[in-house]
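Okay, thanks everyone, I'll keep this short. Let me put the sequence and the model up, and then I'll walk you through it.

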Amino acid sequence: MEKNLTHIALFAALIAVLGLVPKIDLATGVPITAQSLGIMLCGTVLGARNGALAVLLFLFLTIAGLPLLAGGRGGFAVLASPTVGYIIGFPIAAFVTGWITSAWKVEVGVAATVGAILGGILLLNAIGVVGMSFMLEKTLPEAALLAAPYLIGDTIKAVLAGLVTQAIARARPAALLSRA
Amino acid sequence: MLTLTSPVKTWAHGLPAAVKLTALCGATIGLFALNSPLPLATAALAAVLLMLSGGAIFAKTALRHLRPLWPFVLIVALWHLWSRDLSGGAVVILRMLTAVTLANFVTMTTRLSDMITVLERLARPLSAFGLSPRTLALAVALVIRFIPVMQDRAEQISQSWRARSARRAGWRVLMPATLAALDDAEHVAEALRARGGSA
């Protein structure tokens, strides 16, 4: 019980810290940061349920008014901005990433990378694109164009998430709740 | 840690957070119901006046919080210039800027602790699913406490990398930082259990 709670809280803090890593802005203003990597790691390390709860806890504090989202954004404005789909998608992405990592019984690094690609990239971007399409009143393909430039960076992050998860499986096998 | 609450006190700082949140919900739904430029421009003007009612410094900060939106404004503007649908573009841009400005007004005039209290109250029905309000409060406190701790930890790790290598640490910090987070979680869990547990 305590272990789940502290892991959830500490990974929520990890998402925040990864968002503070210096960023590069792309044309559409959604900054490239390690934050989405934090979302992936929540799933691959903590598993579906705890990973999603860690992301929800992070969003709780962000919406309450801490500038924890990449680029120092926070408050209720994140729910009114065109990127709202990504906010809604974050916990779902962590859940699916974690579910795949837990359920697919291959080498954990492989399962984590594939989980991060399916949950943390494809699903997250699908929800994000629907959000942008609604907020900006554009068709889905038009909104998808805005998300496309990030896919390369996202793929690198998914591979990193897999490597880190694999390394944790070796260094702290007991701490890998997704495979507990 | 720095919050988004404005240190410049305005008249709205005294209003209860729940009232401001309810008003924000109503106003945002209203904005999405409006579909022509003129009423939306009126709403935008009202939002500007609302920000100015907090004074010049307050309004300037509010303007700075809109900065992440400029690429969207630019893209939508160019798109609608190209498709010659100016009123459609004006609707999207005005609605986006007004909705974000109003949300920022509520965030900027409400203390973090007040906002957390309101949100915790909203989360109370979740106790049916096993999320007790005490657990949530403890988790929130842990995150706020551990963000600076983990930031320091990441900084230490990258400094020790730099002491040994001419190259930048970059992503190599990630692995030890994640391990440190896991170890910290383990220690805090033990400390909690030693003090009677969290349940």
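Before anything else, a quick definition: I'm calling a residue buried if 20 or more other C-beta atoms lie within 10 Å of its own, and exposed if 12 or fewer do. And please keep in mind that what you're looking at is a predicted model.

So, chain B. How much of chain B counts as buried? Of its 199 residues, 30% do. Now the overall dimensions. If you took a compact globule of 199 residues, you'd expect a radius of gyration near 16 Å, but chain B comes out at 23 Å. Its C-alpha atoms fill a box of roughly 60 × 50 × 35 Å along the principal axes.

In secondary structure terms, chain B has 8 helices and 0 strands. On contacts within chain B, take the pairs at least 6 apart in sequence: 70% of those join residues at least 24 apart.

Let me pick out one residue, L78(B). You'll find L78(B) in helix α4 of chain B, residues 70-82. Buried or exposed, then, is L78(B)? It's exposed, because just 11 other C-beta atoms lie within 10 Å, and the cut-off for exposed is 12 or fewer. Go 24 residues along the chain from L78(B) and you get to G54(B), with the two C-alpha atoms separated by 33 Å.

Confidence next. Chain B has a mean pLDDT of 89, with 98% of its residues at 70 or more. Among the elements of chain B, helix α2 (residues 37-52) has the highest mean, 95, and helix α8 (residues 174-194) the lowest, 88. For the complex, the predictor gives an ipTM of 0.89 and a pTM of 0.91.

On to the interface. Here 47 residues of chain A are in contact with 57 residues of chain B. On the chain A side, α1, α3, α4, α6 and α8 each supply at least two residues, and α1(A) gives the most, with 14. By type, that side of chain A divides into 33 nonpolar, 9 polar and 5 charged residues.

Last stop, α6(A), one of those interface helices. Its 29 residues should span 42 Å at 1.5 Å a residue, and the end C-alpha atoms are 39 Å apart, so the two agree. There's also a kink of about 25° in α6(A), centred on L124(A). Right after α6(A) comes E137(A), with a positive phi, near 55°.

Okay, that's my tour.

Definitions and conventions
Residues numbered from 1 in each chain as written. Chains lettered and ligands numbered in written order. Predicted model: local features only at pLDDT ≥ 70, side-chain atom pairs only at ≥ 80, totals over all residues. Contact = placed C-beta atoms within 7 Å. Helix = DSSP H or I, 4+ residues; strand = E, 2+ residues; numbered from the N terminus. Nonpolar A, V, L, I, M, F, W, Y, C, P; charged D, E, K, R; others polar. pLDDT = per-residue confidence, 0-100. Expected span 1.5 Å × (residues − 1). Bend = angle between axes of the 7 residues up to and from the residue. Rg over C-alpha atoms; globule rule 2.2 N^0.38 Å.
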